[in-house]
Amino acid sequence: MKITFPHLGNVYIAGKAFLEELGHEVVPPPTCSRRTLEIGIKNSPEMMCLPFKVFIGNYIESIEKGADTILITGSCGPCRFGLYSLMQRDIIRNMGYDVNFIVLDSFKEGFKDFKDNIAKIIGSASLVKFTKSVKLAMKLIKMTDDLTQLSNEVRAYAINKKEVNMIMDKFYEKAVLTYGAKELIDLIKSIEEELRNVKIDKYIKPLKIGIIGEIYTIIEPFVNQEVERKLGELNVLVDKSLTPTKWFDHHVLSYPFGSKYENTKFKLAKPYIEDMVGGHGRETVGSAIYYKNIGYDGVIQILPLNCMPEIVAKSVLKSVARDLNFPIMTLVVDEMTGEAGFNTRLEAFTDLISKRKEGSRIKIG
Ligand code: SF4
């Protein structure tokens with residue numbers, strides 16, 4: 001089988017290596033682009049949330065490159081993600097594409113389906129090989145997340161910000177062409193060294209901003225308009241509240257108790273939002289408070305249009321900002337989001353918090 005999956009930020013790097021280690025032919029989803037989104041918009045229900053549309057575009061672009069099997073995860077939570085696999089399967093088949101879907105739902109949703117789907121992924125590999133590949137994939141996920149965060153840190157202090165962007169672009173280009181986990185690990189190490197050699201201005205005192213919101217929107221640069229880079233170019237040190245590493249830690253490695261980091265966020269959110277509202281709505285609220293507590297200068301919530309959990313979080317964040325006297329900005333992203341307006345809002349926000357930091361009497365609205 002020629003297998004593909006949706007493009008979720010950096011996850012394709014570990015996903016590709018994982019499936020290759022198991023002996024599958026992988027068709028990595030092409031980097032998300034305006035074309036991806038346009039295909040998705042054209043073939044998705046108008047009111048679906050933005051990630052749904054981008055996924056549809058990913059599938060079709062991968063099918064055009066030869067993919068015959070689509071691997072995605074399922075969900076049972078109270079948000080639209082629980083419907084993704086069913087609806088997307090129908091859409092793709094109604095478009096006339098004859099492809100298989102492997103939907104990795106939690107084993108709590110049905111142990112037999114879970115086992116059958118894992119068996120399809122394992123294919124002819126042994127259980128030992130599978131376990132080894134899972135470990136390698138986890139390592140790669142962590143290494144790519146760490147590399148991205150290192151690039152954010154270096155960019156905030158770099159004399160030439162574009163140099164950091166060029167190094168990371170080279171990494172993404174080479175990652176797609178590299179085969180297997182070992183080669184990828186070597187590539188990550190060499191890119192890390194390049195980043196560490198970038199000339200920095202140690203007198204820069206970067207603002208610290210946390211990016212909060214729904215995980216996909218935070219980690220997929222095309223959808224969030226490359227917010228990490230744009231902020232880094234404004235001398236901002238950026239941290240994301242959710243990354244694939246944090247997600248795996250909470251949902252897989254720390255199962256069933258959950259990770260300390262996420263549990264802290266739930267506790268912090270509790271005075272404002274007690275129950276799960278689907279997606280990462282509760283985490284978004286907890287993350288804002290978390291960043292305030294660790295001394296960040298502000299947070300930016302990225303909200304994909306039509307995302308119900310993030311709409312709930314947005315309304316709660318107003319109280320958080322007021323109670324904690326903490327700058328919080330929400331940026332809604334959809335197919336109509338223009339880059340110029342997005343950049344202007346980022347610049348205005350960083351200006352505002354930098355003046356506030358300098359001690360100006362700026363009122364945060
Ligand atoms: S969290 Fe929001 S954007 Fe993500 S699938 Fe659920 S409704 Fe859609």
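So, two domains: the chain is divided into domain 1, residues 2-125, and domain 2, residues 206-365. Please keep in mind that this is a predicted model. Taken over C-alpha atoms, the centres of the two domains are separated by 27 Å. Where they touch, domain 1 brings 19 residues to the contact and domain 2 brings 18 residues.

Let's stay on the domain 1 side of that contact for a moment. Two helices there, H2 (34-43) and H3 (50-64), each supply at least two residues. Which helix gives the most to this side? That is H3, with three residues. And what kinds of residues are on this side of domain 1? They divide into 14 nonpolar and five polar, with no charged ones.

Now look at the strands you can see in the picture. One open sheet has four strands in the order E2-E1-E3-E4, and their pairing is parallel. Its edge strands are E2 (25-26) and E4 (100-104), each of which pairs on one side only. If you want to follow one pair by eye, take strand E3, residues 69-73, which pairs with E4 in the parallel sense over five bridges. A handy landmark is Thr-73, which stands opposite Leu-104 in E4.

In case sheets are new to you, here is a bit of background. Strands of a sheet pair through backbone hydrogen bonds, and they can do this in a parallel or an antiparallel way.

On to another sheet. This open sheet also has four strands, in the order E6-E5-E7-E8, with parallel pairing. At its edges are E6 (236-240) and E8 (328-333), and each of these pairs on one side only. On average, neighbouring strands here are turned by 25° against each other, if we ignore direction.

Let's walk through the pairs. Strand E5, residues 207-213, is joined by five bridges to strand E7, residues 298-304, and the two run parallel. In that pair, Gly-210 stands opposite Val-299 in E7. There is a helix to notice as well: H13, residues 281-293, packs on the sheet and touches E5, E7 and E8. The direction of H13 makes about 170° with that of E5. On the other side, E7 pairs with E8 in the parallel sense over six bridges, and here you can find Gln-301 opposite Thr-330 in E8.

Is strand E7 largely enclosed or open? Seven of the seven residues of E7 are buried, so the strand is largely enclosed by the rest of the structure. You can trace this on both faces: Gly-298, Ile-300, Ile-302 and Pro-304 point one way, Val-299, Gln-301 and Leu-303 point the other way, and all are buried.

Last stop, the ligand. How many residues surround it? There are 13, and the closest are Cys-49, Cys-79, Phe-81, Gly-279 and Cys-307. By class, this shell has nine nonpolar residues, one polar residue and three charged residues. The element that gives the most to the shell is helix H14, residues 308-324, with three residues.

And why do we say that the ligand lies between the domains? Domain 1 and domain 2 both give residues to the shell around the ligand, so the ligand lies between them. That brings us back to the two domains where we began, and I'm happy to take questions.

How values were computed: Residues are numbered from 1 along each chain as its sequence is written. This is a predicted model: local features need pLDDT of at least 70, side-chain atom pairs count only at pLDDT 80 or more; totals for chains, interfaces and linings use all residues. A residue is near a molecule or strand if its C-beta atom, placed from the backbone, lies within 6 Å of it. Ala, Val, Leu, Ile, Met, Phe, Trp, Tyr, Cys and Pro count as nonpolar, Asp, Glu, Lys and Arg as charged, and the others, Gly among them, as polar. Domain bounds come from an automatic or database domain assignment. Two strands pair if DSSP finds at least two bridges between them. Axes are lines fitted to C-alpha atoms, for helices over the stretch in contact, and angles run from 0 to 180 degrees between N-to-C directions. Two residues are in contact if their C-beta atoms, placed from the backbone, lie within 7 Å. A residue is buried if 20 or more other C-beta atoms lie within 10 Å of its own, exposed if 12 or fewer, and partly exposed in between; C-beta atoms are placed from the backbone.
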